[in-house]
Amino acid sequence: MAEKPYQWAEGAVLEDHSRRKHKILREYFFNYLSVRCQIAQMERFRLAIVDGFAGGGKYSCGTSGSPLIFVEELKRAIEAVNTHRATQGLGPVEIECLFIPNDYSRDAIETLKANLAPLQAEIAANVPRLHLRVEYLNQSFEEAYPQIKQLLEQGRYRNVLFNLDQCGHSKVQRATLVDIMRSYQSVEIFYTFAIQTLLTYLQTTDPTRLASQLQPFDISVNDLQSQTLGMNKQHWLGAAERLVFDSFNGCATYVSPFSINNPDGWRYWLIHFANSYRARQVYNNLLHANSSEQAHYGRAGLHMLSYDPRHDDGLLYLFDVTGRESARDRLLIDIPRLISESGNVIGVGEFYEGIYNATPAHSEDIHQAIIDNPDLEVVTPAGGERRSARAIAVGDVVKLKRQTSFFPMFFDPA
Ligand SMILES: C[S@@+](CC[C@H](N)C(=O)[O-])C[C@H]1O[C@@H](n2cnc3c(N)ncnc32)[C@H](O)[C@@H]1O
């Protein structure tokens with residue numbers, strides 16, 4: 001599909017699927033700041049945001065694009081966080097943010113400067129606890145990356161968010177994603193990836209061209225061929241998609257590919273990379289609140305990434321009521337199995353670390369499936385039993401009861 005250049009100076013058109021993506025980004029970023037500024041003793045939170053494909057900041061309809069969304073949410077969050085802290089008798093937090101918007105189009109960057117200036121002026125005048133420094137860059141993302149890294153290192157930023165909203169699938173190297181995820185203590189990436197464009201243009205009958213298309217993902221043609229032997233076209237595409245996802249899966253501890261369908265039918269992924277289960281948990285819950293547009297491929301339950309196109313026939317986990325019901329059924333089976341594999345007992349924190357790389361489930365459904373399961377019990381640090389799903393906490397332990405009712409094959413009689 002030929003890429004349409006954005007006309008930022010004349011007014012770019014915002015499409016519905018991007019609106020949905022913006023809503024997720026906006027809500028996630030606000031939640032991120034609220035969660036990170038919860039610590040009672042905290043006085044200052046420092047973070048850096050890199051918007052690698054920033055665009056001009058406003059669409060022709062007047063709606064904000066990603067760079068304005070970040071700054072608007074910074075302003076909204078610091079006000080909400082400090083109001084909340086005051087009600088708890090806690091001191092206010094200051095936020096110090098380095099914001100690096102980059103776009104290779106000069107038009108985009110000049111338009112963005114004009115669009116961001118009034119908001120910056122308002123923050124400087126009226127939001128004294130928000131210290132915002134903006135460093136504009138005007139290069140292709142890969143060319144800008146060394147400079148971005150230098151800016152982050154100079155400022156010793158440990159909390160870093162990247163938004164890599166590329167058009168297409170080829171403007172960010174996998175090696176760069178790996179480098180980002182390894183370079184900072186707390187780092188997350190939102191990455192747009194046009195999976196269907198890649199699949200559509202795979203040169204299936206020309207091994208040399210196919211090899212060069214798969215090379216950025218470290219997938220060999222032999223791997224693909226050995227895993228797709230005898231498959232029909234649909235299953236072949238499913239397997240290729242799976243291999244591409246596996247390649248991204250190696251970039252971070254928690255990787256969620258959510259499909260977004262745009263009206264032309266060009267499905268793309270919004271992938272969230274994180275190294276902490278808490279980030280993934282917040283993200284999963286938020287996607288349930290935005291269920292209409294996106295789906296996680298694979299099945300429901302804990303092992304949704306065990307999707308096998310030969311057997312599951314392209315089943316999607318949809319973040320809707322039916323999806324959640326089937327997830328709850330699946331979780332009733334998956335959770336005791338995982339606990340049995342862990343030696344019949346596991347701390348809740350360790351349990352989260354183990355599951356969140358592979359489940360799209362809502363935390364409420366996971367907790368409810370534990371409480372509803374007659375084979376499991378949750379024990380508090382004081383040794384009592386939890387009876388409410390909402391009360392389950394990171395310090396608790398989940399145990400498989402010795403008298404299992406329907407799970408004998410996982411029960412160790414010794
Ligand atoms: C989808 S738009 C970005 C929209 C913006 N993130 C938002 O949410 O409003 C993609 C932008 O990437 C820019 N772009 C395309 N290729 C690029 C590259 N290799 N490096 C940096 N910017 C690029 C385009 O000029 C365009 O403004």
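## A tour from loop to ligand

Asp-218 is partly exposed, with 13 other C-beta atoms within 10 Å. By that count (C-beta atoms placed from the backbone), a residue is buried with 20 or more others within 10 Å of its own, exposed with 12 or fewer, and partly exposed in between. This is a predicted model, so local features need pLDDT of at least 70 and side-chain atom pairs count only at pLDDT 80 or more, while totals for chains, interfaces and linings use all residues. Residues are numbered from 1 along each chain as its sequence is written.

**Loop residues**

Back to Asp-218: this residue sits in the loop between α7 (207-214) and α8 (221-228). Its phi is positive, about 55°, although it is not a glycine. Arg-156 also has a positive phi, near 50°, and is likewise a residue other than glycine. For background, most residues other than glycine have a negative phi. You'll find Arg-156 in the loop between α4 (141-154) and β4 (159-164), and it counts as exposed because it has 8 C-beta neighbours inside 10 Å.

Glu-43 is another loop residue, placed between α1 (16-36) and β1 (44-51). With 9 other C-beta atoms within 10 Å, it is exposed. Setting aside residues up to four places away in sequence, Glu-43 touches Gly-91, Val-93 and Glu-94; a contact here is two C-beta atoms, placed from the backbone, within 7 Å. Take Glu-94: it is 51 residues from Glu-43 in sequence, but the C-alpha to C-alpha distance is 6.2 Å.

**The chain overall**

Altogether the secondary structure comes to 14 helices and twelve strands. These are DSSP runs numbered from the N terminus, with H or I over at least four residues for a helix and E over at least two for a strand. Of the 414 residues, 38% count as buried. Among contacts with a separation of 6 or more, 73% are between residues 24 or more positions apart.

**Strands that pair**

Two strands pair if DSSP finds at least two bridges between them. Here are three antiparallel pairs:

| Strand | Partner | Bridges |
|---|---|---|
| β6 (residues 254-260) | β7 (residues 268-274) | seven bridges, antiparallel |
| β5 (residues 186-193) | β7 | six bridges, antiparallel |
| β11 | β12 (residues 397-400) | four bridges, antiparallel |

How buried is β7? Seven of its seven residues are buried, so the strand is largely enclosed by the rest of the structure. Tyr-268, Leu-270, His-272 and Ala-274 point one way from β7, while Trp-269, Ile-271 and Phe-273 point the other way. That fits the usual rule: in a regular strand the side chains alternate between the two faces of the sheet. As for bridge partners, Phe-273 in β7 goes with Val-255, and Ile-271 in β7 goes with Tyr-191. β6 is mostly covered too, with five of its seven residues buried.

**The three-stranded sheet and its helices**

Further along there is an open sheet of three strands, in the order β10-β12-β11 and with antiparallel pairing. Its edge strands, each pairing on one side only, are β10 (345-347) and β11 (376-379). On average, neighbouring strands in this sheet are turned by 20° against each other, direction ignored. Leu-376 stands opposite Leu-400 in β12.

Helix α12 (residues 321-341) lies across β10, β11 and β12 and runs at about 90° to β12. Helix α13 (residues 348-355) also packs on the sheet, where it touches β10 and β12, and its direction makes about 90° with that of β10. Those angles run from 0 to 180 degrees between N-to-C directions, using axes fitted to C-alpha atoms (for helices, over the stretch in contact). Then there's α14 (residues 363-372), whose buried residues are Asp-365, Ile-366, His-367, Ala-369 and Ile-370. Their cover includes α12, β11 and β12.

**Helix α9**

Helix α9 (residues 233-249) has 17 residues and reaches 24 Å from its first C-alpha to its last, close to the 24 Å expected at 1.5 Å a residue; the expected span is 1.5 Å times one less than the number of residues. Its buried residues include Trp-236, Ala-240, Val-244 and Phe-248.

**Around the ligand**

Which residues come nearest to the ligand? Of the 16 around it, they are Phe-53, Gly-55, Gly-65, Ser-66 and Asp-165. A residue is near if its C-beta atom, placed from the backbone, lies within 6 Å. The shell divides into seven nonpolar, six polar and three charged residues. In that split, Ala, Val, Leu, Ile, Met, Phe, Trp, Tyr, Cys and Pro count as nonpolar, Asp, Glu, Lys and Arg as charged, and the others, Gly among them, as polar.
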